[in-house]
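Visitor: I would like to learn how to read a protein model strand by strand. Could you walk me through one?

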Amino acid sequence: MNPDIFLPPQVAWATGALAGGPLIRKTTRLADLPGIFANSEAWKCGDPQQSVYDVDVLGSPVGEGALFVGVTHLHAGRVGDEFFMTRGHFHARREQGEIYFGLRGVGLLLLQTEAGDARLEQVTAGSVHNIPPFTAHRLINTGSETLSSLAVWSSIAGHDYAALAEGFVLRVFAAGQGIEVRHD
């Protein structure tokens, strides 16, 4: 007798679309990001219902040793001259790391320690990013199309947004045909 063979969930590498399993989608709109962008007046003038990013997560068991798999789709756009970005966070359980895989688009991954040491990594299709424990992280879309990144993280990691109430120490702005990185 042959055992049953099941088709697991799938990711379309070119688009980041997840399929074949229970899927949870969270949309973050401009109105959900007060205080995130440097130019608060430009933020207030934007369409509050504009989607900045969507996160699709496969339904998974939760608990010690379990992993979540999800894809962030960060849309192209700016508030003033500052590129669209995710809210960014530490993990509530700081000792938990995370892995990002660039799927499409171009952008940056901003990494920052609790001591305020920050660095940027280029995100492109095929890039692999090991986010260490005790490190906050934020995606920034510096391109003209959606930036999609697949992530794998511990289901017990949680999110701590409050620890970044003062924001990250680096900001990324459009400058001519390129970018400008500023210390906040």
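**Reading strands, cores and buried charges**

Guide: Gladly! Let us start with one pair of residues: threonine 113 stands opposite threonine 135, which belongs to strand E12. Please keep in mind that this is a predicted model.

Visitor: How many bridges join E9 to E12, and do the strands run parallel or antiparallel?

Guide: The general idea comes first: strands of a sheet pair through backbone hydrogen bonds, either parallel or antiparallel. Here E9 and E12 run antiparallel, and seven bridges join them.

Visitor: What is the order of the strands in the open sheet that has E9 and E12 in it?

Guide: The order is E10-E9-E12, a sheet of three strands with antiparallel pairing. Strand E10 (118-123) and E12 are its edge strands, each pairing on one side only. From one strand to the next, the twist averages 20 degrees. On the E10 side, six bridges hold the antiparallel pairing with E9, and leucine 110 has leucine 120 of E10 as its bridge partner.

Visitor: Now the faces of a strand. Which residues of E12 lie on one side and which on the other?

Guide: In a regular strand the side chains alternate between the two faces of the sheet. For E12, one side carries Thr135, His137, Leu139 and Asn141, while the other carries Ala136, Arg138 and Ile140.

Visitor: Are those two faces covered or open?

Guide: Both are covered, since the residues on each side are all buried. To judge that, buried is taken as under 20% relative accessible area. Seven of the seven residues of E12 meet this, so the strand is largely enclosed by the rest of the structure.

Visitor: What does Ile140 touch?

Guide: Leaving aside residues up to four places away in sequence, isoleucine 140 touches Leu74, Phe83, Phe84, Met85, Gly107, Leu108, Leu110, Leu120, Leu147 and Val172.

Visitor: How many residues has the largest nonpolar core, and which have the most contacts inside it?

Guide: It has 33 residues, and the ones with the most contacts inside it are Phe37, Val52, Leu74, Leu109, Leu139 and Ile140. At least two residues each come from strands E4 (51-58), E5 (67-74), E9 (107-113), E12 (135-141), E13 (147-154) and E14 (170-175). E9 gives the most, with four residues. Another core, of six residues, lies apart from this one and includes Val11, Leu18, Leu58 and Val71.

Visitor: What is the order of the open sheet of six strands?

Guide: Reading across, you find E3-E4-E5-E13-E8-E11, with antiparallel pairing. Strands E3 (23-29) and E11 (128-131) stand at the edges with a single partner strand each, so one side of each is left without a neighbour in the sheet. The twist from one strand to the next averages 20 degrees. Within this sheet, five bridges join E4 to E5 in the antiparallel sense, and valine 55 stands opposite threonine 72 in E5.

Visitor: Let us turn to charged side chains. Is arginine 171 buried or exposed?

Guide: A good habit is to check burial and then look for polar partners. Arginine 171, in strand E14, counts as buried because its relative accessibility is 9%, below the 20% cut-off.

Visitor: Which side chains make polar contacts with arginine 171?

Guide: One is glutamate 82, at 2.6 Å, and another is aspartate 184, at 3.4 Å. Glutamate 82 is 89 residues away from arginine 171 along the chain, yet their C-alpha atoms are separated by 7.6 Å. Among the other residues that arginine 171 touches are Ile36, Phe37, Met85 and Val181.

Visitor: Where is arginine 94, and what does its side chain reach?

Guide: Arginine 94 sits in the loop between strands E7 (82-83) and E8 (98-104). At 16% relative accessible area it is buried too. Its side chain reaches the backbone oxygen of histidine 91 at 2.8 Å and makes a polar contact of 3.0 Å with the side chain of aspartate 160. Arginine 94 also touches Glu114, Pro133, Phe134 and Ala163.

Visitor: Last one: which residues does UniProt list for a domain?

Guide: The unreviewed UniProt entry lists residues 29-177 as "domain: Glucose-6-phosphate isomerase prokaryote". In this model that span is 4% helix and 44% strand, and its end C-alpha atoms lie 26 Å apart.

Note on methods: Residues numbered from 1 in each chain as written. Predicted model: local features only at pLDDT ≥ 70, side-chain atom pairs only at ≥ 80, totals over all residues. Heavy atoms only, no water. Core = buried A, V, L, I, M, F, W, Y, C linked by side-chain atoms within 4.5 Å. Buried < 20%, exposed > 50% of the residue type's maximum accessible area, 1.4 Å probe, protein only. Contact = heavy atoms within 4.5 Å. Pairing = 2+ DSSP bridges. Polar contact = N/O pair within 3.5 Å; in protein donor to acceptor, adjacent residues only side chain to side chain. Axes fitted to C-alpha atoms, helices over the stretch in contact; angles between N-to-C directions. UniProt positions renumbered as here; feature names shortened; annotations may be inferred.
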